[in-house]
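This briefing is meant to be read beside the structure shown below. It takes up the overall build, then the pairing of charged side chains, and then one helix.

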Amino acid sequence: MSDKKPTARVVLIEDHTMIRQLFAHLVRDELGLTLAADCTTVAEGTAALLREKPDLAIVDWMLPDGRGFDLVRTVGPKLTRTRWLFVSSNEQGHLVREAVSLGVQGFVLKRSDLGTLRQAISRVLGGETYYCPASARLLVDRMVGEGQAMGINLSPREREVLRGYARGENPKALADRLGVSAKTVQNHLSLLKDKLGLQEPAALVHYAIKHGYVEAP
């Protein structure tokens, strides 16, 4: 009987071919981990994550059919052993802030070298949290900015409604996605307008972009 211990299983979700191949080589050939699945979309990633239940998911924050963060929200609760490492070419503090709020254990900007990614993988698999130095600086700057701003406290549901509305979802589509009635969404929108002092739709969208709820088109 072999005494060889099983290696950690990794699911990779990245749609840029060259980057995905580099990451796969690092995971499989350099670190000797098991690449359980290699995906390019949120839909493929969802199926692979639920099927493989990996030790680590390496995910690009933006994929062709949605945001990588949505995977943490939808399948994360079902994968209690899976640890998350996100990569991003978008260097905005609110993305790092969102990763922290979702409980993501690792975050690496794509301008980092492969040594940084290698360290992130090893440390996250080792039970630590690792945010690369550049992303950590973005997080600090974002939190300082939040502390200085006269922030308005929105509930989690209000933030979801604002995010969906700013993305162009109509109240019915937004209600279906959130599992509530269209009337409930309309009530949330009315309360948001009153709380923010913004009655025009364009003003709500501008607020959502300015405060990092959605990306500028």
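A salt bridge is taken here as a side-chain nitrogen of Lys or Arg within 4 Å of a carboxyl oxygen of Asp or Glu. By that criterion Asp-176 forms a salt bridge with Lys-172, with 3.2 Å between the closest N and O atoms. The model is a predicted one, and a search of the whole structure finds 17 salt bridges in it.

**Overall build**

- The protein contains 10 helices and 8 strands, and its C-alpha atoms fill a box of roughly 70 × 35 × 30 Å when taken along the principal axes.
- Of the 217 residues in the protein, 44% are buried, while the area that the protein exposes is about 11,400 Å², with carbon and sulfur atoms supplying 54% of it.
- Among the contacts in the protein with a separation of 6 or more, 65% are accounted for by residues 24 or more positions apart.
- The protein carries 29 positive and 25 negative charges, and the mean positions of these two sets are 4 Å apart.

**A salt bridge within helix H8**

- Asp-176 and Lys-172 both lie in helix H8, where they are 4 residues apart, about one turn of the helix.
- An α-helix has 3.6 residues a turn, so residues three or four places apart point the same way.
- Asp-176 has a relative accessible area of 53% and is therefore exposed, the cut-off being over 50%; Lys-172, at 55% relative accessibility, counts as exposed by the cut-off of over 50% as well.

**Salt bridges between elements**

- Side chains of opposite charge can pair when their charged atoms come close.
- Glu-160 and Arg-177 meet through their side chains in a salt bridge, at 3.7 Å from N to O.
- Because Glu-160 lies in helix H7 (residues 156-166) and Arg-177 in helix H8 (residues 171-178), this pair ties together parts that are 17 residues apart in sequence.
- Glu-160 is buried, with a relative accessible area of 19%, whereas Arg-177 counts as partly exposed at 41% relative accessibility.
- Glu-98 forms a salt bridge with Arg-67, and the closest N and O atoms of that pair are 2.6 Å apart.
- The pair of Glu-98, in helix H4 (residues 93-101), and Arg-67, in strand S5 (residues 66-67), links distant parts of the chain that are 31 residues apart.
- Both Glu-98 and Arg-67 are buried, and these two residues belong, together with Asp-70 and Arg-73, to a network linked by salt bridges.

**Helix H2 and its buried side**

- Which residues of helix H2 (residues 42-52) are buried? They are Val-42, Gly-45, Ala-48, Leu-49 and Glu-52.
- These buried residues cover an arc of only 125 degrees around the axis, which puts them on the same side of H2.
- Ala-47 is also found in helix H2, but at 42% relative accessibility Ala-47 counts as partly exposed, because that value falls between the cut-offs of 20% for buried and 50% for exposed.
- The C-alpha atom of Ala-47 is separated by 9.5 Å from that of Val-75, and the two residues are 28 residues apart along the chain.
- After H2 comes Lys-53, whose phi is positive, near 45 degrees.

How values were computed. Residues numbered from 1 in each chain as written. Predicted model: local features only at pLDDT ≥ 70, side-chain atom pairs only at ≥ 80, totals over all residues. Heavy atoms only, no water. Helix = DSSP H or I, 4+ residues; strand = E, 2+ residues; numbered from the N terminus. Buried < 20%, exposed > 50% of the residue type's maximum accessible area, 1.4 Å probe, protein only. Arc of directions from axis to C-beta. Contact = heavy atoms within 4.5 Å. Areas by Shrake-Rupley, 256 points an atom, 1.4 Å probe, with all protein chains shown as cover. Lys, Arg positive; Asp, Glu negative; His and termini not counted. Charge placed at Lys NZ, Arg CZ, Asp CG, Glu CD.
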